[in-house]
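This note collects points for a colleague reviewing the structure shown below. It takes up aromatic contacts, strand pairing and a surface pocket in turn.

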Amino acid sequence: MNKSELIEHIAKQADISKAAATRALEAMIGGVKTTLKRGGSVSLVGFGTFTVTKRAARSGRNPRTGATIKIKAAKVPKFRPGKGLKDAL
């Protein structure tokens, strides 16, 4: 399912227009991004939790030349599914 299919599904299930469903989805995504940028986490009970984790610096290899390169440390988003989502699968 891609973003447009998700918007169509939301519009049908909530009995709202696609424009309203688009705004709702964009607001939800924006809220998650803003919270994660501030270092917080977003928990949706029964669905899962979005958090930010730190990935340490490490060395890797350039696949083209085979040379060793240094990969910088980074903050990366992480999603941990909740019990409700796991049970649904």
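1. Is Phe-47 buried, partly exposed or exposed? The model is predicted, and in it Phe-47 has a relative accessible area of 38%. Because that value falls between the cut-offs of 20% for buried and 50% for exposed, Phe-47 is classed as partly exposed.

2. A search of the whole structure returns two aromatic pairs. In one of them, the ring centres of Phe-47 and Phe-79 are 5.4 Å apart and the ring planes meet at 50°, so the pair is tilted. An angle under 30 degrees would have counted as stacked and one over 60 as edge-to-face. The pair joins distant parts of the chain, 32 residues apart: Phe-47 belongs to the loop between strand S1 (42–44) and strand S2 (48–55), whereas Phe-79 belongs to strand S5 (residues 74–81).

3. Phe-79 is also partly exposed, its relative accessibility being 32%. Its ring forms a further aromatic pair with Phe-50, with 4.9 Å from centre to centre and 50° between the planes, and this pair is likewise tilted. Since Phe-50 lies in strand S2 and Phe-79 in strand S5, the contact ties together parts that are 29 residues apart in sequence. Phe-47, Phe-50 and Phe-79 thus make up one aromatic cluster.

4. The strands that carry Phe-50 and Phe-79 are also partners in a sheet. Three strands form this open sheet in the order S1-S2-S5, with antiparallel pairing. S1 and S5 are the edge strands, each paired on one side only. From one strand to the next, the twist averages 30°.

5. How many bridges join S2 and S5? The two strands pair in the antiparallel sense over eight bridges. As to register, Arg-55 stands opposite Ala-74 in S5.

6. Two members of the aromatic cluster, Phe-47 and Phe-50, recur in the lining of the largest pocket. The other lining residues are Leu-25, Met-28, Ile-29, Val-32 and Lys-33. Helix H2 (residues 18–37) supplies the largest share of the lining, five residues. The volume of this pocket is about 150 Å³.

7. What is the make-up of that lining by class? Six of the residues are nonpolar, one is charged and none is polar. Lys-33 is among the lining residues and, as a lysine, belongs to the charged class.

Definitions and conventions:
Residues are numbered from 1 along each chain as its sequence is written. This is a predicted model: local features need pLDDT of at least 70, side-chain atom pairs count only at pLDDT 80 or more; totals for chains, interfaces and linings use all residues. Side-chain values use heavy atoms; hydrogens and water are left out. Rings of Phe, Tyr and Trp (its six-membered ring) pair if their centres lie within 6.5 Å; planes under 30 degrees apart count as stacked, over 60 as edge-to-face and the rest as tilted. Helices (H or I, at least four residues) and strands (E, at least two) are DSSP runs, numbered from the N terminus. Buried means under 20% relative accessible area, exposed over 50%, partly exposed in between (1.4 Å probe, protein chains only). On a 1 Å grid over the protein atoms alone, a cavity is a set of points where a 1.4 Å probe fits but cannot get out, and a pocket is an open set with protein on both sides within 12 Å along at least five of seven lines; lining residues have an atom within 4 Å of a point. Grid points are joined across faces, edges and corners, and a volume is the space filled by probe spheres set on the points. Two strands pair if DSSP finds at least two bridges between them. Axes are lines fitted to C-alpha atoms, for helices over the stretch in contact, and angles run from 0 to 180 degrees between N-to-C directions.
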